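Biologist: I have this model open beside my notes, and I would love a close look at a single part. Could you take me to the place where the two chains meet, and then walk me through what lies around it?

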Number of protein chains: 2
Amino acid sequence: MQGFEWISTLEEFEEQSARVTDWIAGYLRDNRRYPVLSRAAPGEVTAALPASPPEEGEPFAEIFADFERIIVPGITHWNHPRFFAYFAISAAPVAVLAEALSAALDVNAMLWRTSPAATELEEVVLRWLRELMGLPQTFSGIVYDTASIGGFTALAAAREALGLDIRELGMTARDLPPLRVYITEHTHSHIEKASLALGVGRCNVVAIPVDEEYRMRSDALRAQLLADLKAGMQPMCIVATVGTTSTTSVDPLPEIARVAQEHRCWLHVDAAYAGVAAMLPEHRGRFDGIELADSVVVNPHKWLFVPIDFSALYVKDPEVLRRAFSLVADYLLTPPLDPSTSSGQAKLGVTHGVRNYMDYGLQLGRRFRALKLWFVMRAYGAGKMRDILRGHIALAQEFASWVRAEPNWEILAPHPFSVVCFRHVAPSVAPEDVDDHNLRIVDAVNQTGEAYLSSTRLDGRIAPRLAIGNLRTTREDVLAAWQLLLEAARGLS
Amino acid sequence: MQGFEWISTLEEFEEQSARVTDWIAGYLRDNRRYPVLSRAAPGEVTAALPASPPEEGEPFAEIFADFERIIVPGITHWNHPRFFAYFAISAAPVAVLAEALSAALDVNAMLWRTSPAATELEEVVLRWLRELMGLPQTFSGIVYDTASIGGFTALAAAREALGLDIRELGMTARDLPPLRVYITEHTHSHIEKASLALGVGRCNVVAIPVDEEYRMRSDALRAQLLADLKAGMQPMCIVATVGTTSTTSVDPLPEIARVAQEHRCWLHVDAAYAGVAAMLPEHRGRFDGIELADSVVVNPHKWLFVPIDFSALYVKDPEVLRRAFSLVADYLLTPPLDPSTSSGQAKLGVTHGVRNYMDYGLQLGRRFRALKLWFVMRAYGAGKMRDILRGHIALAQEFASWVRAEPNWEILAPHPFSVVCFRHVAPSVAPEDVDDHNLRIVDAVNQTGEAYLSSTRLDGRIAPRLAIGNLRTTREDVLAAWQLLLEAARGLS
């Protein structure tokens, strides 16, 4: 029985997959040989590719040769042990294999029936993660691609929870008060993007002042809410962060939650990066108050070794998500008496224990993402996952101690997790040039290809930033980055 | 140099990947042995899994055995040649390998510099696809996960293009007119979801009547716009579909575009499923007028053999997307003088030829999706891709001819592409029972495990629906589905 063809015979596929998995094994064994930051010039990759697609199919060997010749040099190696920029991430080998299996199955987990195992495994791994993080069972979870979408969904739920019937009536031509979203200057930009999209308006996204450790000031938050209410505005959502992107600062959840409760305002906690640190008893205290949140985002694709993308949203009341998003189309009916088609009426997790995840967000199409987290959790086990996180945090603390001990270097922010903000302040560098000087240091390190760091701005000052999160990062790697920083500073001072 | 560990040694990884790719090869060789629709009962997968994650890591062999024992029976096999539900899809083997490579690289293509090859390959493959579809070069493309997000983004751009400064000022406490979105009852539900999210309100999503072939009536559209304008409302977006989800009907683009132009209203064309049929000269005429659209969505993960997810949005004026979404955070600064960091000022595709795709949508995190489409386009070549699409369409037409030739069966809608809506109307079945009867027929077929169909509702009547789109679907597979339908109808009449 021949179909329209896999293009290659299966024997060819076996050869091809052996070639690809050999390459991946080699890549995982030693990708230190690649410069972390790609050296490709703008347009260089494009110039190496034909302007038009081929009319005839090409042999796999040629395609793969071009992958190695054209694509790989244009890659910035996020899965590299010396990637210290943004948040450092990892794709565990078992998770790479899980992604291949997911791709081969090509499941769309939109309805329970369109793959019961995809929906139920998603529920199970999110319960596992919830338990490991010590989140109460009152939270139920859903997987999205990114924290951007998880945060957007949380804000949409917060808007829906106001009871203003925005779903049906919209936001125009009505006497609606301004809807206010409370963040800090350290809140991740996706919250502001979501607010723009949701019609809140940038002018209603209010940055609450932070204290000297870049944490939201709850007294200022309370004052702002009171002032807004007095002015006839409607608080919609307070966004607190555990592990902000610049410094990994931790907003004071118990105090913020109290303000949220006083005004019955939705509290969203962005723990996209640091959330998994709640798995460590010695860090659990930083998450006190998270149980009072209405929604929490945590990204296993950041610091739990699954390849991008996988972001988990936990919510107290998933029914609000359904109210915001559920629409059941005729072409999704699957006859008859299928519990999964009753989503119009089903209460989440109640009717026959079946959940149709498409009802809880914007996206109808949903990859089978749960498989990779399941593979990772089983292959590593909770104990090993904790060890790795602890190891990353210890390395960051050691790096900070090196910075602190070195003349002319300073730490610019507390570093509770695995990210350190610092800078170089040489006597030979004029105060007005310190920012440029530090940008040049980071650039010099990045140009070596031996490590890749990013920077941020704190109180107006440029802060180079070292983030640890790759499975294979060793003390030697961090030490190498430090030596490169020292050398660059010497060369530029 | 030992890191925090891949958990397994690389020798183990080689064994593991051989095991996984063998399994995938076997799966692709003959997944006909699986029932297409999973027979798992609600809760069955969950019950087979422990309530808590393991404390100690487990051997890969055990994890993989559980994958086969627990997960696979809970899979509804979208990549099966007898999957005829919703829209039938395929994961080409080369694309599965590309996904494994993407996962191993674990790239986040948020900025050009965070992997120049990911950004530039995305531009290149979208130009290739544009050329194959005959879209004018005035369109520039971006990849999202799903059409739900692509459509949402198009509508957000349409809202931004109104010049009402909703980005800054929001939609509340202002004297804004109702913003109107024009669809038909056959428009995909993601447009309505997007409208809810964007604060348009369900009451402002107007279903324009369709003609007897389920196509938007442009005279009714024009009348609605005029009435709305007279009532002080603001048309925001007209959504036309080439290949609606229920019947694959084609809205009359040239006439609709004329209405859009008369009122300077944004025209979005949803060609998520059928767009790739524009690659066939004999079908190109169905896309006449698409060049007048402001935005077009087409999903290679539907009918172009790449695994979920991959949806392309083409827009005439990407600058509007940037205006709607761009926010540049301090922690994304990468020093110094990097062309890719000037996105706050950069004009798309102008500044050093560099594009930061994160500026054009909600999501900051972006998988390296371009690789799989590149692999497919090169492995198959344009000629073979056209052959396959033609083959699918021909099979659907042949199936329709069987239905038409059989007593008591009828075709319920035109079938320009690879989807056929039909039903059984036996003399023995009372008119009021015809819907139930047809639902039972589909269910009986699905329960055999030999094929999987879905149904829709047309003019209030239940319509079983056969969709062809899998690479390996043969005439024998379609014939088998037809025989199953005939048998089920006999058994139930």
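Modeller: Happy to; what follows begins with the contact between the chains and then moves to the parts of each chain. Please keep in mind that this is a predicted model.

Let's start with how the two copies sit relative to each other. A turn of 180 degrees, with a shift of 0.0 Å along the axis, lays chain A on chain B with an RMSD of 0.0 Å. The two copies are thus related as by a two-fold rotation axis.

Now the contact itself. Chain A gives 150 residues to the contact, and chain B gives 150 residues. On the side of chain A that touches chain B, the largest share comes from helix α1(A), residues 10–29, with twelve residues. Sorted by class, that side of chain A holds 81 nonpolar, 41 polar and 28 charged residues. Because 100% of the interface residues of chain A are also interface residues in chain B, the copies meet through the same surface.

It helps to step back to chain A as a whole. Its secondary structure comes to 16 helices and eleven strands. Chain A has a radius of gyration of 24 Å, close to the 23 Å that the globule rule gives for 493 residues, so it is as compact as a globular protein of that length. Along the principal axes, the C-alpha atoms of chain A fill a box of roughly 75 × 70 × 45 Å. Of the 493 residues in chain A, 61% are buried. If you take the contacts in chain A between residues at least 6 apart in sequence, 74% of them join residues at least 24 apart.

Chain A also has a second kind of contact, between its own domains. Domain 1 of chain A is made of 14–37 + 76–92 + 380–493, while domain 2 of chain A covers 108–367. Their C-alpha centres lie 30 Å apart. Where the domains touch, 21 residues come from domain 1 of chain A and 22 residues from domain 2 of chain A. On the domain 1 side of this contact in chain A, the elements that give two or more residues are α14 (370–405), β9 (419–424) and β10 (454–458). The largest share of that side, five residues, comes from α14(A). By class, the same side of domain 1 of chain A has 15 nonpolar, four polar and two charged residues.

One of those elements, β10(A), deserves a closer look. Four of the five residues of β10(A) are buried, leaving the strand mostly covered. β10(A) pairs with strand β11(A), residues 461–467, in the antiparallel sense over five bridges. Within this pairing, S454(A) has R465(A) in β11(A) as its bridge partner. β10(A) and β11(A) form a hairpin with two residues between them, and D459(A) in the turn has a positive phi of about 50 degrees.

In chain B, you can follow a sheet with its own strand numbers. Five strands of chain B form an open sheet of mixed pairing, in the order β1-β11-β12-β10-β9. β1 (83–84) and β9 (409–411) of chain B stand at the edges with a single partner strand each, so one side of each is left without a neighbour in the sheet. Inside this sheet, β11(B), residues 452–458, and β12(B), residues 461–467, pair in the antiparallel sense over five bridges. Here S454(B) stands opposite R465(B) in β12(B).

Elsewhere in chain B, strand β7(B), residues 295–298, is covered on both faces: S295(B) and V297(B) are buried on one side, and V296(B) and V298(B) are buried on the other. β7(B) pairs with β6(B), residues 266–270, in the parallel sense over three bridges. In that pairing, V269(B) has V296(B) as its bridge partner in β7(B). β7(B) is also joined by four bridges to β8(B), residues 311–315, and these two strands run antiparallel. There, V297(B) has L313(B) in β8(B) as its bridge partner.

Last comes a helix, α8(B), residues 189–197, which is mostly covered, with nine of its nine residues buried. Its buried residues include H190(B), E192(B) and K193(B), along with I191(B) and L196(B). Just after α8(B), G199(B) takes a positive phi of about 80 degrees.

Technical notes:
Residues numbered from 1 in each chain as written. Chains lettered and ligands numbered in written order. Predicted model: local features only at pLDDT ≥ 70, side-chain atom pairs only at ≥ 80, totals over all residues. Least-squares fit on C-alpha atoms with pLDDT ≥ 70 in both. Contact = placed C-beta atoms within 7 Å. Nonpolar A, V, L, I, M, F, W, Y, C, P; charged D, E, K, R; others polar. Buried ≥ 20, exposed ≤ 12 C-beta atoms within 10 Å, placed from the backbone. Rg over C-alpha atoms; globule rule 2.2 N^0.38 Å. Pairing = 2+ DSSP bridges. Domains from an automatic or database assignment.
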